[in-house]
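Reader: I'd like a close look at one part of this protein, and then at whatever helps to put it in context. Could you walk me through it slowly?

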Amino acid sequence: MKMSKLAVLKLIFKITLKLKLHIFYAYVIYFYTRRKSKSDNEGVLIFDRVNSDLPYLMNLNKFNYLFFESKLQYRIASLFLDKEIMSQKNYFSIQNKDYENQKADFRNEIFKILKHLKRIGKIKYIIVANCNYYEHQEWANAGKDLGIELIVYSKESVLPEGRLNAFKKHFNNLSGEIKNIDKILVYGESGYNQFIDSQLVDKENIFKVGSLKTDYLYEKIKKLNDKGIQNKGKDITFFAFPCGPFPDKFDANSFYSQVWQGGYWAPNLWNDCLDLFIKLANYFPDLNFVIKTKSSDSSKMIAKQKNVNKNIIFSHDKETWEIYRDSRLIFGFNSTVLLEMITTDIPFFIPKWHEAENEELADKMILNNQSEAYNTYYSKDEMLDALKSYISDENSVKIKNSQDARRKIIEDHLYKIDGKVGKRILEILN
């Protein structure tokens with residue numbers, strides 16, 4: 001029977017490990033992942049994740065960095081683990097003797113590689129984007145035995161009130177399985193509250209630091225403002241977070257849904273907002289309308305779903321500060337990127353109908369309470385009229401952009417946007 005490429009790779013890998021060539025793999029990993037190399041610096045091994053703050057860590061010059069992209073993490077894990085347990089959920093929920101043996105084998109071999117890697121790269125920390133991503137677990141367990149600290153800088157630490165109790169229970173359940181964490185860094189109060197009673201770490205090892213991405217945003221916006229460039233943009237920007245249909249037997253109040261189905265909270269509102277945005281672009285064919293997505297796949301999916309005018313532009317890689325520079329107003333809902341932008345004075349138009357008004361779903365979305373921080377609209381027609389009026393004549397719509405109200409939202413979710421997140425992180429690590 002013909003072996004797959006992965007099977008051949010696994011076989012070669014296992015044979016070379018039996019030949020005790022762990023130091024060879026340590027050097028390969030070191031040279032492949034090395035991003036900075038200053039001889040006096042200690043090293044940090046970063047396990048990256050999409051939309052995390054971890055790439056921004058490498059702007060902190062205190063350390064050298066070994067940067068593990070997601071694909072590399074998955075490929076290494078796949079040499080030891082069956083696909084069935086290669087997931088954030090299944091790694092802990094599916095337990096049998098064969099899988100436990102796979103994990104033990106993974107941990108033992110990684111220990112031998114990491115021992116050399118620690119010496120070569122002077123590794124002091126492993127930093128990851130969440131406590132329960134499967135791909136770093138055995139690296140962290142091996143690191144624990146080698147005196148390498150595991151720091152979780154949680155990318156999923158912005159949480160609406162309605163999902164908080166489920167996450168507390170979820171992390172508390174995991175505390176019996178996960179014993180490898182030394183410190184947890186979160187953005188703000190909502191992230192802190194997820195972990196405070198989890199028993200994953202002691203309370204004094206949970207720190208509110210903010211989002212590193214906002215340091216970059218803060219500096220860029222400060223430079224724009226110093227040049228007198230304040231809200232001079234003309235684009236109408238829609239932050240798009242595509243929502244698929246509710247899955248079968250969806251129950252918003254179930255533990256499973258609140259922990260694992262966060263992307264499904266508002267499919268009807270999503271469709272309405274996309275239709276509204278397209279209709280708005282039709283009214284103003286000479287203006288630019290930007291749909292900001294999280295990935296090229298999301299952009300392609302939306303473009304495939306709907307026929308859009310030429311004045312609608314898709315962008316997944318536009319920087320947040322560039323959106324600030326170019327945008328006249330922001331339109332969107334339930335997106336953490338909106339929180340980054342709320343530190344500015346740009347007008348925000350937030351939809352609140354369909355799921356956003358549903359008594360079982362409303363508290364499971366962020367930025368879903370009426371506020372002096374942004375304009376809220378309660379129907380598709382009301383919002384369309386308001387947007388048309390504002391675009392035609394900005395003085396025709398009263399804009400809510402109270403800095404006090406916005407600051408309170410930032411404290412709840414992002415702690416501070418002050419350009420000092422990196423400094424706070426270094427103080428904790430040192």
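Author: Let's start with one strand and its sheet, then move on to a second sheet and some helices.

Quick heads-up: this is a predicted model, in which local features need pLDDT of at least 70 and side-chain atom pairs count only at pLDDT 80 or more, while totals for chains, interfaces and linings use all residues. Residues are numbered from 1 along each chain as its sequence is written, and side-chain values use heavy atoms, with hydrogens and water left out.

The strand to find is S10, residues 327-332. Strands (E, at least two residues) and helices (H or I, at least four) are DSSP runs, numbered from the N terminus. S10 belongs to an open sheet of six strands, ordered S9-S8-S7-S10-S11-S12, with parallel pairing. Two strands count as a pair if DSSP finds at least two bridges between them. At the edges stand S9 (312-315) and S12 (375-377); each has a single partner strand, so one side of each has no neighbour in the sheet. Going from one strand to the next, the twist averages 25 degrees. For angles like this, axes are lines fitted to C-alpha atoms (for helices, over the stretch in contact), and the angle between N-to-C directions runs from 0 to 180 degrees.

Now look at the two partners of S10. With S7 (residues 235-239) it runs parallel, joined by five bridges. Two pairs to click on: Ile236 has Leu329 in S10 as its bridge partner, and Phe239 has Gly332. With S11 (residues 348-351), S10 also runs parallel, this time over two bridges. There, the bridge partner of Phe331 is Phe349 in S11.

How hidden is S10? Six of its six residues are buried, so the strand is largely enclosed by the rest of the structure. Buried means under 20% relative accessible area, exposed means over 50%, and partly exposed is in between (1.4 Å probe, protein chains only).

Next, the second sheet. It is open as well, with six strands in the order S2-S1-S3-S4-S5-S6 and parallel pairing. Here S2 (64-68) and S6 (206-208) hold the edges, and each has a single partner strand, so one side of each is left without a neighbour in the sheet. Its twist averages 20 degrees from one strand to the next. Inside it, S1 (residues 43-47) pairs with S3 (residues 123-128) in the parallel sense over four bridges, and Leu45 has Ile126 in S3 as a bridge partner.

Val44 is a handy residue to zoom in on, since its place is in S1. Val44 has a relative accessible area of 1%, which means it is buried. Skipping neighbours within four places in sequence, Val44 is in contact with Phe63, Asn64, Tyr65, Leu66, Ile123, Tyr125 and Ile127. Contact means heavy atoms within 4.5 Å.

On to the helices. The axes of H6 (residues 97-121) and H7 (residues 137-145) come within 8 Å and cross at roughly 55 degrees. That makes H6 and H7 oblique to each other. In these terms, under 35 degrees is roughly parallel, over 145 roughly antiparallel, 65 to 115 roughly perpendicular, and the rest oblique. The H6 and H7 crossing is right-handed: the near helix is turned clockwise from the far one by less than a right angle, whereas anticlockwise would be left-handed. Residues of H6 including Phe106, Ile110 and Leu114 meet residues of H7, among them Trp139 and Ala142.

H6 meets H2 (residues 22-33) as well, with axes that come within 8 Å and cross at roughly 55 degrees. H2 is therefore oblique to H6, and this crossing is right-handed too. Ile23, Tyr27 and Tyr30 are among the H2 residues in that contact, while H6 brings residues including Ile113, His116 and Ile120.

Last stops: H12 and Gly422. H12 (residues 267-283) has 17 residues and reaches 25 Å from first C-alpha to last, close to the 24 Å expected at 1.5 Å a residue; the expected span is 1.5 Å times one less than the number of residues. Its buried residues include Trp270, Leu274, Phe277 and Ile278. Gly422 lies in H18 (residues 421-429) and, at 5% relative accessibility, counts as buried. The C-alpha atoms of Gly422 and Tyr56 are separated by 8.8 Å, although the two sit 366 residues apart along the chain. Leaving out residues up to four places away in sequence, Gly422 touches Leu60, Leu212 and Asp215.
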